[in-house]
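Dear colleague,

I am passing on the structure we spoke about, placed just below so that you can open it alongside this message. What I found in it follows after that.

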Amino acid sequence: PDRARDGSFSSQESNLPSLVKYEQAKAETLPDLNAKELNEDWDDIPPSSALEEISEEEAVQIIAEPLLPLHSTTLRDYVDHSETLAKLVHLGVDLSQVEKRQKAGQLLLTLDFEKHISKILLFLKDVGVEDNQLGPFLTKNPYILGEDLEALETRVAYLKSKKFGKSEIAQMVSRAPYLLLFSVERLDNRLGFFKNELGLSVKKTKDLVIRLPRLLTGKLQTVKENLQVCQVELGFQRNEIQQIAYKTPKILTASKKRLKQTFDYLHNIMGIPHHMLTRFPQVFNSKLLRIRERHMFLAFLGRAQYDPAQPSYISLDQLVSLPDEVFCTEIAKASIQDFENFLKTL
């Protein structure tokens, strides 16, 4: 050591005798590790053979993990084995609904919560989905958990480029959970379709899909068929269809049968002309039974007057939107009991 501090080193040959003596001394201090002593020192190691008997006390201490089912028709059987599923349930996801969606259950079982799901949850919160809506949102659209985060961010950036505000995007994504599964190209094509088919301005097209964002995710064939029905079978002009669709976009996705039945009663039974239906298209969103019962009650009272040029005019909006009590007292000028008694006679 003194020489080392001085910067000088002894030769390899001069070191050999001391090294040999050290190794000999080291060997003398090591115990003789024969098999008997090993068994005595390591007697707390479990038996190496599965067939070797163990005491009852040792057997009680063995905790067997439940077996993971190889096949199951429900995700409930996997919750106890999957941290991902357990955390999704805690978040409010209804697995009984998720498993009804094609291959959604298999997808969730392949995902790691921290690695795959956490970043999607943070993204959705940043978009504007409320904490208490994350569970219901993922119940409706579990597939978003398997989407590439960069692709999702690109789709949101596209909506922003089309001048949709942050609150508007949040509203659209919350009300149409599948919206962000659509590529930028598909979203662009959808917006172009409604703008061209309805002859709307860019601003009105945006307003249309903000109010009913599932127009961007639903089947376009249904929309095309309803536009055709309005023009060919119901007899509305193109400009009237434009106004009806803009004021009441649900008409574009409504049942064709219901649409035709409601129009037939309003136009052919009640005598409402096309221009009046264009002015109050929200009447098409009402149940036909409600329209029929109230019209028949007004007709019974002699108050079924829907012409604005005549006295005691009743608008279609008043006919369908008011609660029964208000409808009876302010429109029919009768009591709610009179109305209920009349309905019993039908």
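Lys 103 sits in the loop between α6 (95–98) and α7 (104–109), and in this model, which is predicted, its phi is near 60°, a positive value in a residue other than glycine. Most residues other than glycine have a negative phi. With a relative accessibility of 58%, Lys 103 counts as exposed, because the cut-off for that class is over 50%. A second lysine can be described in similar terms: Lys 333 has a positive phi of about 55° although it is not a glycine, and it is located in the loop between α20 (324–332) and α21 (336–344). Lys 333, at 55% relative accessibility, is likewise counted as exposed.

For the chain as a whole, the secondary structure comes to 21 helices and zero strands. Of the 346 residues in the protein chain, 32% are buried, while the surface that the chain exposes amounts to about 22000 Å², with carbon and sulfur atoms supplying 52% of it. Among the contacts in the chain with a separation of 6 or more, 69% are accounted for by residues 24 or more positions apart.

Two helix pairs may be worth viewing one after the other. In the pair formed by helix α8 (residues 113–127) and helix α10 (residues 149–161), the axes are 11 Å apart and the packing angle is about 10°, which means that α8 is roughly parallel to α10, the limit for that description being an angle under 35 degrees. On the α8 side the residues involved are Lys 119, Ile 120, Phe 123 and Val 127, and these meet Leu 149, Leu 152, Glu 153 and Val 156 in α10. Sorted by class, this contact of α8 with α10 has six nonpolar and two charged residues, and no polar ones.

In the other pair, the axes of helix α18 (residues 288–301) and α21 come within 11 Å and cross at roughly 105°, so α18 and α21 are roughly perpendicular to each other, a term that covers angles of 65 to 115 degrees. From α18 the contact draws on Glu 293, Arg 294, Met 296, Phe 297 and Phe 300, and from α21 on Asp 338, Phe 339, Phe 342 and Leu 343. By class, the contact of α18 with α21 consists of six nonpolar and three charged residues, again with no polar residue.

Helix α11 (residues 166–175) is also worth a look, and its buried residues are Ile 169, Ala 170, Met 172 and Val 173. When one looks down the axis of α11, these buried residues fall within an arc of 165°, and they therefore line one face of the helix. The helices against which they pack are α8, α9 (134–140), α10 and α13 (202–211), so that both members of the parallel pair described above appear in this list.

Lastly, which residues does His 274 touch, leaving aside those up to four places away in sequence? His 274 belongs to helix α17 (residues 274–279), and its contacts are Leu 234, Gly 235, Phe 236, Glu 240, Phe 263 and His 267. Of these, Phe 236 is 38 residues from His 274 along the chain, and the C-alpha atoms of the two are separated by 6.8 Å.

With best wishes

Key
Residues are numbered from 1 along each chain as its sequence is written. This is a predicted model: local features need pLDDT of at least 70, side-chain atom pairs count only at pLDDT 80 or more; totals for chains, interfaces and linings use all residues. Side-chain values use heavy atoms; hydrogens and water are left out. Axes are lines fitted to C-alpha atoms, for helices over the stretch in contact, and angles run from 0 to 180 degrees between N-to-C directions. Helices (H or I, at least four residues) and strands (E, at least two) are DSSP runs, numbered from the N terminus. Angles under 35 degrees count as roughly parallel, over 145 as roughly antiparallel, 65 to 115 as roughly perpendicular and the rest as oblique. Contact means heavy atoms within 4.5 Å. Ala, Val, Leu, Ile, Met, Phe, Trp, Tyr, Cys and Pro count as nonpolar, Asp, Glu, Lys and Arg as charged, and the others, Gly among them, as polar. Buried means under 20% relative accessible area, exposed over 50%, partly exposed in between (1.4 Å probe, protein chains only). The arc is that of the directions from the helix axis to the C-beta atoms. Accessible areas come from the Shrake-Rupley method with a 1.4 Å probe; for residues, only the protein chains shown count as cover.
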